[in-house]
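The following exercises concern a single protein structure. Please study the sequence and the model, and attempt each task before reading its solution.

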Amino acid sequence: QVQLVESGGGLVQVGGSLRLSCAVSGRTYGRYAMGWFRQAPGKEREYVVGVSWSGGSTYFVDSVKGRFTISKDNAKNKAYLQMNNLKPEDTAVYYCAAWRTITAGYVPGNLNGMDYWGKGTPVTVSS
């Protein structure tokens, strides 16, 4: 089994930045594409960003392009989400997700087939 634990959420003002971390533990052998999704109160889950095992391919939902970046450190079993120029509509609980893959360059385009996810970390952007 694989466990994902997010950290780094909090309260930030509009225009501010936060860096979320995701620690992966357990049976971490093999390749994983990583990503983040969020869920705001009363709304559906939204897949925000993803990165391939190799780190060479990424996915960003249009609303965060140019503001969010994703990175991962396979040696440390960690993934990171850097969020800049935050907006009130970014307020949500952010969840780390992992997809098992045999393809180093595969990056998910949606949440289908997600194998593992964490319990989330809340992000609140105040105006």
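**Conventions**

This is a predicted model, in which local features need pLDDT of at least 70 and side-chain atom pairs count only at pLDDT 80 or more, while totals for chains, interfaces and linings use all residues. Residues are numbered from 1 along each chain as its sequence is written, and side-chain values use heavy atoms, with hydrogens and water left out.

**Exercise 1. The disulfide**

Task: Determine which residues the disulfide joins, and whether Cys96 is buried or exposed.

Solution. Step 1: A disulfide is a pair of cysteine sulfur atoms within 2.5 Å. Searching the whole structure yields one disulfide.

Step 2: Its partners are Cys22 and Cys96, with an S to S distance of 2.0 Å. Distant parts of the chain are linked in this way, since Cys22 belongs to strand β3 (residues 18-26) and Cys96 to strand β9 (residues 92-101), 74 residues apart. Strands (E, at least two residues) and helices (H or I, at least four) are DSSP runs, numbered from the N terminus.

Step 3: The torsion about the S-S bond of Cys22 and Cys96 is about -85°, so the disulfide is left-handed.

Step 4: Buried means under 20% relative accessible area, exposed over 50%, and partly exposed in between, with a 1.4 Å probe and protein chains only. Cys96 has a relative accessible area of 0% and is therefore buried; Cys22 is buried as well, also at 0%.

**Exercise 2. The surroundings of Lys72**

Task: Establish which side chain of opposite charge is nearest to Lys72, and what the side chain of Lys72 reaches.

Solution. Step 1: Lys72 lies in strand β7 (residues 68-73).

Step 2: Lys and Arg count as positive and Asp and Glu as negative, while His and the chain ends are not counted. A salt bridge is a side-chain nitrogen of Lys or Arg within 4 Å of a carboxyl oxygen of Asp or Glu. Lys72 is buried yet has no salt bridge, the nearest side chain of opposite charge being that of Asp73, 8.4 Å away.

Step 3: The backbone oxygen of Trp53 is reached by the side chain of Lys72 at 3.3 Å. The side chains of Lys72 and Asn74 are joined by a polar contact of 2.3 Å. A polar contact is a pair of N or O atoms within 3.5 Å; within protein, one must be able to donate a hydrogen and the other to accept it, and residues adjacent in sequence count only if both atoms are side-chain atoms.

**Exercise 3. The salt bridges of Arg38**

Task: State how many salt bridges the structure has, and which residues share a network with Arg38.

Solution. Step 1: Side chains of opposite charge can pair when their charged atoms come close. The count comes to four salt bridges.

Step 2: Arg38 meets Glu46 in a salt bridge of 2.7 Å, N to O. At 6% relative accessibility Arg38 counts as buried, whereas Glu46, at 28%, counts as partly exposed.

Step 3: Arg38 also forms a salt bridge with Asp90, whose closest N and O atoms are 3.0 Å apart. Arg38 lies in strand β4 and Asp90 in the loop between β8 and β9, so this pair ties together parts 52 residues apart in sequence. Both residues, Arg38 and Asp90, are buried.

Step 4: Salt bridges with shared partners join Arg38, Glu46, Arg67 and Asp90 into one network.
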